[in-house]
Amino acid sequence: MRFKFSIIALLLEVVFIILFGLFVEHDTGNTSLYPYFKDVHVMIFIGFGFLMTFLKKYGFTSVGINMLIAAFGLQWGTLMQGFLHRGEGGKIPLNIKSMINADFSTATALISFGAVLGKTNPVQMLLLTFLEITAFAVNEYLVTEIFQATDIGASMTIHAFGAYFGLAVTLILYRPGLKNKHANEESSYHSDIFAMIGTLFLWLFWPSFNSAIAAENDQTKTIINTYYSLAACAVITFALSSLLDQRGKFSMVLIQNATLAGGVAVGTCADLTIDPFVAMCIGSIAGIISVLGFRFLTPVLASKLKIQDTCGVHNLHGLPGILGGIASIVVTATQPETKKGIQLTAGKQASALGSTIGIALLGGALTGAILRLPIWGQVSDQNCFDDSAYWEVPEEEKLPEINSNNYDEHSRFEAIM
Amino acid sequence: MRFKFSIIALLLEVVFIILFGLFVEHDTGNTSLYPYFKDVHVMIFIGFGFLMTFLKKYGFTSVGINMLIAAFGLQWGTLMQGFLHRGEGGKIPLNIKSMINADFSTATALISFGAVLGKTNPVQMLLLTFLEITAFAVNEYLVTEIFQATDIGASMTIHAFGAYFGLAVTLILYRPGLKNKHANEESSYHSDIFAMIGTLFLWLFWPSFNSAIAAENDQTKTIINTYYSLAACAVITFALSSLLDQRGKFSMVLIQNATLAGGVAVGTCADLTIDPFVAMCIGSIAGIISVLGFRFLTPVLASKLKIQDTCGVHNLHGLPGILGGIASIVVTATQPETKKGIQLTAGKQASALGSTIGIALLGGALTGAILRLPIWGQVSDQNCFDDSAYWEVPEEEKLPEINSNNYDEHSRFEAIM
Amino acid sequence: MRFKFSIIALLLEVVFIILFGLFVEHDTGNTSLYPYFKDVHVMIFIGFGFLMTFLKKYGFTSVGINMLIAAFGLQWGTLMQGFLHRGEGGKIPLNIKSMINADFSTATALISFGAVLGKTNPVQMLLLTFLEITAFAVNEYLVTEIFQATDIGASMTIHAFGAYFGLAVTLILYRPGLKNKHANEESSYHSDIFAMIGTLFLWLFWPSFNSAIAAENDQTKTIINTYYSLAACAVITFALSSLLDQRGKFSMVLIQNATLAGGVAVGTCADLTIDPFVAMCIGSIAGIISVLGFRFLTPVLASKLKIQDTCGVHNLHGLPGILGGIASIVVTATQPETKKGIQLTAGKQASALGSTIGIALLGGALTGAILRLPIWGQVSDQNCFDDSAYWEVPEEEKLPEINSNNYDEHSRFEAIM
């Protein structure tokens with residue numbers, strides 16, 4: 001991996017710099033959106049990064065490769081979106097809004113990263129990021145410019161897209177050797193607390209995510225709808241988490257993930273004319289769907305459909321993203337509304353949802369086929385979910401391997417990780 | 001707990017959604033307060049949540065139930081404050097300011113949570129949140145509308161209120177079995193560092209907390225007074241922490257908590273006409289009081305008065321909150337000033353302080369009596385301060401219990417936790 | 001240390017309060033810069049604090065003494081900068097911009113703290129903070145008022161200054177006993193993840209750091225240049241980290257630190273007329289320099305030049321800071337530009353760089369000589385990099401010392417820390 005990764009990364013970075021030199025320039029523009037950008041920025045790097053640190057031996061990769069994907073992807077996202085939206089061949093203008101969109105584009109790759117977490121190497125993740133952001137930009141262009149649909153919080157274009165793209169990739173990369181639960185695919189006490197840092201920063205700044213590029217006079221409404229959707233979703237998640245456990249105990253997996261489904265699901269409708277209680281209903285349904293998905297659907301997908309979804313992105317981003325799209329179909333069907341001078345219709349929203357799922361599945365399958373090529377080097381099943389395959393890890397981590405035939409040492413190791 | 005908790009939570013959430021449907025609507029309004037809201041939001045969920053993760057085996061509950069209380073409480077806070085302030089029966093308008101107030105209202109329950117931390121179950125905490133926010137909204141209405149006192153940073157109405165409410169609850173819930181220090185009531189090396197995440201985000205955003213709903217031309221002054229009060233308080237806390245230790249060592253408990261007392265104490269006066277050095281004096285006195293409280297008062301309260309205050313909220317919120325109220329009495333007595341066209345007086349401030357303490361103690365005692373009912377299920381003394389009573393906890397945590405008659409395993413356990 | 005530390009800290013705090021009473025007053029002014037202040041504030045307390053928690057046994061000191069230095073230093077920084085800039089003897093006016101500058105001034109001491117981390121006591125750190133901020137304020141005055149140079153992101157006046165000041169101090173405090181790697185000078189798995197909290201918040205808010213005091217119509221450009229410089233730097237760092245490792249593995253030290261070099265290096269030029277790809281080139285070069293510095297230069301400095309730089313601040317702040325200065329010389333030499341009505345020239349920039357390095361080295365050497373006085377109490381080599389010298393540490397940490405002649409216990413200890 002030494003030369004493959006570094007040469008590909010250096011090469012692509014040089015290409016990015018050259019493309020920026022040729023096609024990109026500073027825009028004039030104010031900083032009024034900067035506070036929204038910063039929140040999205042925190043969500044991408046801290047939120048997604050720490051959310052995935054829940055695995056006991058995979059924290060370096062979760063937070064580190066998350067950073068790599070995002071730093072790499074935001075450059076490519078700037079270029080791709082710039083090329084598609086720039087009009088008749090002028091230069092790509094950079095302003096705070098384009099930075100928000102660049103960060104947004106990386107979210108798709110980070111969601112897909114959650115689906116394949118622990119099973120791919122950094123070279124594969126660079127390629128996935130490059131390919132997925134390309135597909136995302138095309139779909140986003142179709143949805144907004146061709147179908148003229150609305151998706152202000154990107155329930156469809158980011159969340160559903162990232163989830164189904166990632167699910168298609170992980171299906172193609174199916175590993176029969178991981179059919180039985182891998183010993184490393186577990187959390188530890190402190191890794192679960194690290195993950196809550198990610199959960200909370202995502203939860204807290206989701207109102208900014210959904211309202212960042214909303215029209216100025218829609219922002220307050222968008223913020224409020226997201227805030228109450230998330231609040232209702234969190235309470236529902238706690239209730240169902242206890243209800244579905246035999247002893248009534250809460251599950252950290254559900255609290256870390258399903259509490260966020262309300263932010264995903266309300267995204268498409270957040271700036272439409274809906275009352276706060278409607279947002280709360282959407283959030284509640286999202287919580288129910290997400291909890292049920294984690295509890296009943298993920299195991300079935302893994303065992304029957306060969307879809308190994310490490311973080312359960314289908315339940316956090318996939319199903320709630322579709323719910324967001326469906327909600328927008330219902331809302332636009334029942335009350336006429338215009339955005340940016342364009343009449344919204346249920347048909348446009350349905351087209352957007354269909355395009356998103358279709359391009360995501362197709363793009364993900366193609367990407368999975370490319371990532372499967374032996375040239376990139378596949379991590380062995382045994383070394384899955386283990387940072388030490390790609391990182392220098394402090395000594396403590398290596399002790400057990402040396403003494404792995406020693407029960408005492410082994411149990412200590414498990415306790416520490 | 002399985003059905004009790006989930007049914008109560010689901011039921012109350014459904015009631016909230018219905019009440020929102022009947023009584024709540026979007027307000028028009030701009031987003032100028034949104035940056036302040038976000039800081040308060042971070043303080044509530046990250047600040048309070050992580051501050052309480054200091055216990056070695058109670059991190060899931062601290063950060064998780066903190067989230068539940070806040071997500072649940074902000075909905076009830078919106079309704080209660082809306083009903084009381086809405087004038088003659090119109091709908092409750094939602095805007096950024098009402099979101100700030102909703103978050104504020106949850107702070108009271110989170111402060112009380114600190115007093116009973118480790119000794120109550122999630123059902124009890126839902127009830128406490130519901131009852132305390134009701135009492136808070138009544139007192140806040142009295143203080144601002146009837147007594148017409150000022151309390152911009154809520155030293156009295158949030159901090160002192162939450163502390164004395166919680167102390168009254170914990171007094172009623174007194175557990176003689178915890179008279180001797182519980183083995184779980186300790187921090188670990190990493191849990192103390194997790195707690196510093198909470199401390200620092202509280203410390204950093206306290207200027208926003210105090211200035212969030214200040215008049216626009218008072219905001220800079222309020223921010224600056226809070227900033228320097230906290231800075232002075234932090235230095236004083238480090239100095240006294242070392243001075244009071246026989247070997248001159250710092251105590252994490254003090255650094256995590258007493259450094260924040262300056263933010264609490266300067267709250268009421270932060271937007272009044274005081275010089276920066278006065279804010280620094282208030283912060284310094286708050287630091288002194290808080291350190292002395294932790295060192296000398298908390299042990300006495302526990303042993304003599306049967307008040308078991310897990311996090312020492314009396315020293316962080318109670319005493320500094322009273323100090324804030326007294327400071328406002330002195331300031332308004334010595335220089336006449338008006339806010340929102342109303343003449344401030346020492347008498348109004350004293351009434352506010354008295355009302356706050358009185359309603360908090362009474363409300364807390366009643367709430368404690370309700371929480372004591374056997375129907376809610378009390379956690380046994382032995383299972384106090386232990387997440388595994390209410391959470392699925394990763395395997396490592398259970399090892400020692402299995403092997404608890406084995407010294408070697410036991411010492412390992414202590415070392416890890 | 002008990003009385004020395006507490007008396008000095010209390011005394012200086014009292015002096016600060018008196019000086020504030022005599023010389024400081026509230027300014028009128030708006031809160032438009034407050035969002036920038038908050039980001040800088042997070043960088044100072046969370047960013048720097050957690051970045052240094054990477055050591056396995058030194059997390060309390062890293063995040064705690066970081067807080068002490070910053071809370072203490074911001075008061076002295078307010079006074080020093082106020083005295084130098086206030087004009088003809090009026091009072092020092094406090095506004096949001098002066099708070100930003102106060103936070104900025106503490107950054108120099110925190111950078112130097114990184115150089116001496118683990119080897120000094122809290123008394124020494126108070127003195128270092130006091131002396132360094134004094135020297136910083138003088139140099140900052142020279143650079144901006146006398147040489148009339150530009151340094152909007154403070155590549156020179158903060159980063160290079162803090163680094164070379166700290167290197168001079170650590171040279172004077174050279175400990176031959178630490179020539180061989182100290183057993184405590186290592187990270188643990190979780191301490192490395194804690195450190196990533198610091199890295200990411202620094203990385204995320206660096207655009208605010210560089211643009212906080214920029215002219216309003218330069219802010220967007222400054223933000224964008226910093227954003228893309230950091231993105232390019234991060235990708236380059238990952239690539240080189242893998243390339244330089246024999247097995248192609250990433251190094252946490254490099255990811256935690258060198259990814260930030262792009263923010264440092266682009267600082268001086270970020271508000272000048274440069275295209276985005278130029279910012280990316282500066283960021284890329286900074287990443288290269290920083291990685292090479294960590295890999296090859298730091299060991300040489302320690303072994304040959306007796307400069308023991310614990311955190312490698314030379315590679316993160318020193319070299320990239322000089323790069324920033326040189327870049328500004330090149331940019332101002334190749335295209336004429338004015339800031340605040342003053343013509344920028346290569347000569348002015350070069351003078352600023354020279355002054356900064358000179359005053360830093362001289363001030364650091366003098367400070368080192370003062371800190372070396374036996375009166376302050378030096379920590380023994382053996383107790384270096386160990387919190388328990390200055391903090392009450394939870395029991396777990398002490399076990400190994402009791403049983404240090406027992407191999408089994410000892411290995412457990414290493415595993416846990």
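The exercises below, each with a worked solution, concern how chain A meets chain C in a predicted model.

Residues are numbered from 1 along each chain as its sequence is written, while chains are lettered from A in the order in which they are written. Local features need pLDDT of at least 70, side-chain atom pairs count only at pLDDT 80 or more, and totals for chains, interfaces and linings use all residues, with side-chain values resting on heavy atoms, hydrogens and water being left out.

**Exercise 1.** Determine how many residues of chain A and chain C are in contact, and what area is buried between them.

*Solution.* Begin with contact, which means heavy atoms within 4.5 Å; by this criterion 69 residues of chain A touch 62 residues of chain C. Next take the buried area, that is, the accessible area (1.4 Å probe) that two parts lose on being put together, summed over both; for chain A and chain C this is about 5,700 Å², with carbon and sulfur atoms giving 73%. Finally, within the part that chain A buries against chain C, A:Arg2, A:His26 and A:Met67 supply 13%, more than any other three residues.

**Exercise 2.** Find which residues form the salt bridge across the interface of chain A and chain C, and describe the side of chain A that touches chain C.

*Solution.* A salt bridge requires a side-chain nitrogen of Lys or Arg within 4 Å of a carboxyl oxygen of Asp or Glu, and the rule finds one across this interface. The partners are A:Lys38 and C:Asp39, whose closest N and O atoms are 2.6 Å apart. Turning to secondary structure, where helices (H or I, at least four residues) are DSSP runs numbered from the N terminus, α3(A) gives the largest share of this side of chain A, twelve residues. By class, this side has 40 nonpolar residues (Ala, Val, Leu, Ile, Met, Phe, Trp, Tyr, Cys and Pro), 13 charged ones (Asp, Glu, Lys and Arg) and 16 polar ones (the others, Gly among them).

**Exercise 3.** Work out what rotation superposes chain C on chain B, and why the copies meet through different surfaces.

*Solution.* Superpose the copies by least squares on the C-alpha atoms of residues with pLDDT of at least 70 in both. Chain C then falls on chain B after a rotation of 120° with 0.0 Å of shift along its axis (RMSD 0.0 Å), which is the relation of a three-fold axis. Chain A is likewise superposed on chain C by a rotation of 120° with 0.0 Å of shift (RMSD 0.0 Å). Only 10% of the interface residues of chain A are also interface residues in chain C, so the copies meet through different surfaces.

Terms used. Helices (H or I, at least four residues) and strands (E, at least two) are DSSP runs, numbered from the N terminus.
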